[in-house]
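Trainee: Could you walk me through one part of this model in detail? I would like to look closely at the salt bridges and at what surrounds them.

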Amino acid sequence: MRHSLIVIFTIILLSISLYGQPANTAGNSSKASEATGAKTRQKAFRPTKAQIIEAQEKLKAAGTYAGEADGKYNDDFRAALREFQEKNSLEQTGRLDEATLGKMGIALTDRQKGIEPAASDKPKRVVFRPTKEQISAAQRILKQNGSFQGEETGRYSNELRAAIRDYQSANGLKRKGSLNRATLEKMGIELTEDQAAIPVNPNDLASADDAGGAPKKRGPVFRATKAQITEVQNKLKAEGLYAGESDGKFNDDFRAAIRKWQEANGVKSTGTLNKMTLEAMKIELTDRQKEM
């Protein structure tokens, strides 16, 4: 009898334990998903058609967009937006984000004001960018000192970057090949208001560590004039080594022809018109070149 009572009591305890378990598994899984911190998708910032039209009209008035003000994106409009963003130290996205609309003075809608900027639209480290006019001014200055022979296009090129590096070396600046604030100020080129608000980057200035001691100024770099380049092109054409135009500009075919001539005449094959090559070709040097 006593044994039977023990068995009955054990069965009752097990029944109470089973019925005490939560039955709403769906509710538990919902709570679990909440605990994992499931994120809702962030709303994307989108300009309205009216805002796109207003931006297109502003860019047309500025002369950087020649298409229709139709409230639609197109390649020309995106290119004009990137140019505007570059001039105003904004990230060059080619789209009308909140920062670009604000810089253009275009009002946001109430809905847009309530949208938290996406990660790509949030303010980033401000990058110093020269304007097209500043690049043209730098090209003009470097042409005057004989270190750049190209056209004043307002655009970077390998030749311009090389000339900028030479200028930076000679003026106690880091050889970066880009027109940062320190370089523009050293050249005496005026900054825009936005650029003036960006402090000089210490990394743009040469330090004692860069030169293993006190910063050293490099001597002037030997560069052939346009007239000398043209004369060499004519000589190489006469010898059948070059078939291109005699335009006073370097190109791949011209450099290859120079190398062939140098190899055939015991001059180090560099593909450039250095002092030794010009003298070997019996081409007259300028007074400045003679001093190098």
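**A close look at the salt bridges**

Mentor: Happy to. Before the pairs, a landmark on the chain: K282 is found in the loop between α14 (275–280) and α15. Please keep in mind that this is a predicted model. K282 has a positive phi of about 60°, although it is not a glycine, and with a relative accessible area of 72% the residue is exposed. Helix α15 itself covers residues 287–290 and holds D287. D287 counts as exposed because its relative accessibility is 60%. Together with E231, E284 and E291, D287 forms a negative surface patch.

Now to the pairs you asked about. Side chains of opposite charge can pair when their charged atoms come close. The structure holds 7 salt bridges, and we can take several of them in turn.

Start with R140 and E152, whose side chains meet in a salt bridge at 3.2 Å, N to O. R140 lies in helix α7 and E152 in the loop between α7 and α8 (158–170), so this pair ties together parts that are 12 residues apart in sequence. R140 is partly exposed at 38% relative accessible area, and E152 is partly exposed at 37%. While you are at helix α7 (residues 132–144), find A137, which is also placed there. A137 is buried, with a relative accessible area of 16%. Its C-alpha is 8.0 Å from that of G154, although A137 and G154 are 17 residues apart in sequence.

Next comes K176, which forms a salt bridge with D204; the closest N and O atoms are 2.8 Å apart. K176 lies in the loop between α8 and α9 (181–187), while D204 lies in the loop between α10 (193–196) and α11 (208–211), so the pair ties together parts that are 28 residues apart in sequence. Here the two partners differ in cover: K176 is partly exposed at 36%, whereas D204 is buried at 8%.

The pair R181 and E185 sits within one helix. Their closest N and O atoms are 2.9 Å apart in a salt bridge. The two residues are 4 apart in helix α9, so about one helical turn separates them. R181 is buried, with a relative accessible area of 16%, and E185 is partly exposed at 39%.

Finally, look for D166, R175 and R223, which are linked in a network of salt bridges.

Conventions:
Residues numbered from 1 in each chain as written. Predicted model: local features only at pLDDT ≥ 70, side-chain atom pairs only at ≥ 80, totals over all residues. Heavy atoms only, no water. Patch = residues over 30% accessible without salt bridge, like charges linked within 9 Å, V, L, I, M, F, W, Y side chains within 5 Å. Areas by Shrake-Rupley, 256 points an atom, 1.4 Å probe, with all protein chains shown as cover. Salt bridge = Lys/Arg side-chain N within 4 Å of Asp/Glu carboxyl O. Lys, Arg positive; Asp, Glu negative; His and termini not counted. Charge placed at Lys NZ, Arg CZ, Asp CG, Glu CD. Buried < 20%, exposed > 50% of the residue type's maximum accessible area, 1.4 Å probe, protein only.
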